[in-house]
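I opened my notebook beside the model and went looking for charged pairs and an annotated site. Here is what I looked up, in the order I went.

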Amino acid sequence: MPTSGKDNRSSRPGLILAVETSCDETSVAVVENGTIIRSNVVSSQINTHKRYGGVVPEIASRKHVESVTLILEEAVREAGVRLTDLSAVAVTQGPGLVGSLLVGVVAAKALACALQIPLIGVHHIAGHIYANQLVQELEYPLVALVVSGGHTELVHVPSPGVFRIIGQTRDDAAGEAYDKVARAMGLPYPGGPHVDRLAHEADEGVPMPRVWLEPDSYDFSFSGLKSAVLAVLNQAKMRGDVVHPVRISKGFQDSVVEVLVEKAIRASKEFGAKQLLLAGGVAANRGLREALAARCQRESLPLLVPPLSLCTDNAAMIAAAAFLKWERGELSPLDLKAEPLLSLEDWSVKEPLV
Ligand code: KG4
Ligand code: ZN
C-alpha cells in the first residue's frame, strides 16, 4: 500500500492536525512545526466512567464516535486555519484500547484521504515525551520518565525520535497503583489526584516498603506496595482501628516517589542526559514534581515538566511527535492499523535528519 497523500514538505510549513482517542479522552489539535499549539481541544469522559470506578472500553469507544467530528471541527475553528492549509494528519496508532484507537484511526484516515495529504501514525508514549517540546527546546541525549495510568517507563532518547526503553514496570503502572489504592480507600476515580492531595495533608506516613528489584535494574514493581496498603487497611478493619487515609496516602506516595526519582536520576547519570523529562498523567503529581525538582537541582540536571494540560492525554503531544516523522518524510500507509501493543522502540525514526 503506498503512503497516503503527497510528500508536501517543501511547499508548506508543518501544520499538523492530530487526533488522540487511545483511552478516555477525545482530543484534536493543530500544531505548527511540532512546537506551536494553534489549538488543542480535549473532551474528557471521566464523568461517564467515574460511576464504574474505571474506564469501560465499550463505552469509551462509543463516546469517541459521538464526539470526534465535533471536536475536530472545533479544533480547526479554534486554530483559525482552513483544512486546505494542513500539511498532514496524525493519529495515535497505539498503544491503547483497540476500540477507542480505531475511532481515531478511521477519522484521521478519512480526513487524510479527502484532503490528499499524508497520514502519520504516532506512538502514544512518544507523544507524552514530545509534549515537552511544546514547552522547551529538547537537548540530546535525554532521559524521559513516563508515568501514566497504563505505563511506567524510563526511556533513553539518544537523538531526536530514537527511543530505547531501559526500564519498565513488571506489574502495575504507577497511575494504576494510585487508582487501585485510592479505590481501596473509597476515593473516587481517577484516584491519583486524591491520594496526592491527602498525602500533602499528613505530617507522617505509615511506613511502606521500597521495591528496588535487582541493584542494576531500572525496572519498577508496584503491586507489592499496593498489597502492603491493602494489608494495612484490612488489619485496621479486623482490629476495629481507625483508618487514616491521609497517613496511608503519604506512606504510599513517599515510596512510589522515592523509587521513581532515584531510578530516573541514576539513569540520567549513566546515559549522560542533558535533560530529564517527566511525562504522562502521573507527572501531575505534586510530590513527584517537588522531589524530582529538588534532586535535579542538587545534580545540576535540567528537569522539564509540561504544564498539567499537556501531561494528561491530549492531541497536541501527538502532533509534536508526528512532526519528527513528517520532517523525515516517514509517512504511514492508508491501510494503517490500530495497534494496541505498538512498540515504542520500533516506532523510532528510521533516518537521522539531513
Ligand atoms: O496519561 P494519562 O492521562 O492517561 C493514560 O495514558 O494512562 O494518565 C492518567 C493517570 C491516572 O491513573 C491518574 O490517577 C493519574 O494519571 N494521575 C495522578 C495524578 N493526576 C493524574 N496520579 C498521581 N497524582 C496525581 N496528581
Ligand atoms: Zn497517556
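**Entry 1: Asp 219 and its partner.** I began with Asp 219 in this predicted model. Is Asp 219 buried or exposed? Its relative accessible area is 18%, and since buried means under 20%, Asp 219 is buried. I then looked for its charged partner and found Arg 170, in a salt bridge whose closest N and O atoms are 2.9 Å apart. The two sit in distant parts of the chain, 49 residues apart: Asp 219 in the loop between H6 and H7, Arg 170 in the loop between E8 and H5.

**Entry 2: Arg 170 again.** I checked Arg 170 for another acid and got Glu 214, with a salt bridge of 2.7 Å from N to O. Glu 214 lies in the loop between helix H6 (192–199) and helix H7 (223–239), and Arg 170 follows strand E8 (164–168) in the loop before helix H5 (174–184), so this pair ties together parts that are 44 residues apart in sequence. Both ends are partly exposed: Glu 214 at 37% relative accessibility, Arg 170 at 43%.

**Entry 3: other salt bridges.** How many salt bridges does the structure hold? I noted 17. One of them joins the side chains of Arg 239 and Asp 241 at 3.6 Å, N to O. Arg 239 is exposed, with a relative accessible area of 59%, while Asp 241 is partly exposed at 40%. I also jotted down a network of salt bridges that links Asp 172, Glu 176, Lys 180 and Lys 226.

**Entry 4: a buried acid with no salt bridge.** Glu 330 caught my eye next: Glu 330 is buried yet has no salt bridge. Which side chain of opposite charge is nearest to Glu 330? I found Lys 325, 4.0 Å away. Glu 330 does have a polar partner, as the backbone nitrogen of Lys 350 lies 2.9 Å from a polar atom of its side chain. Glu 330 belongs to the loop between H11 and helix H12 (344–347). Setting aside residues up to four places away in sequence, I listed its contacts as Lys 325, Val 349, Lys 350 and Glu 351.

**Entry 5: the annotated site.** I turned to the UniProt record, an unreviewed entry, where "binding site" covers His 124, His 128 and Asp 313. They are spread over 190 residues of sequence but cluster in space, with a largest C-alpha distance of 8.8 Å. His 124, His 128 and Asp 313 are included in the lining of the largest pocket.

I took His 128 on its own. His 128 is in helix H4 (residues 124–130) and is buried, at 1% relative accessible area. Its side chain reaches the backbone oxygen of Cys 311 at 3.4 Å.

Then Asp 313, which I placed in the loop between helix H10 (308–311) and helix H11 (315–327). Asp 313 is buried too, with a relative accessible area of 12%. A polar contact of 3.1 Å joins its side chain to that of His 124. Beyond its neighbours within four places in sequence, Asp 313 is in contact with several residues, including Glu 20, Ser 22, Val 42 and His 128.

**Entry 6: the domain.** Last, I read that UniProt (unreviewed entry) lists residues 37–319 as "domain: Gcp-like". Over that span the chain is 48% helix and 16% strand, and the end C-alpha atoms are 9 Å apart.

Notes. Residues numbered from 1 in each chain as written. Chains lettered and ligands numbered in written order. Predicted model: local features only at pLDDT ≥ 70, side-chain atom pairs only at ≥ 80, totals over all residues. Heavy atoms only, no water. UniProt positions renumbered as here; feature names shortened; annotations may be inferred. 1 Å grid on protein atoms, 1.4 Å probe; cavity = no way out; pocket = protein on both sides within 12 Å on 5 of 7 lines; lining within 4 Å. Helix = DSSP H or I, 4+ residues; strand = E, 2+ residues; numbered from the N terminus. Buried < 20%, exposed > 50% of the residue type's maximum accessible area, 1.4 Å probe, protein only. Polar contact = N/O pair within 3.5 Å; in protein donor to acceptor, adjacent residues only side chain to side chain. Contact = heavy atoms within 4.5 Å. Lys, Arg positive; Asp, Glu negative; His and termini not counted.
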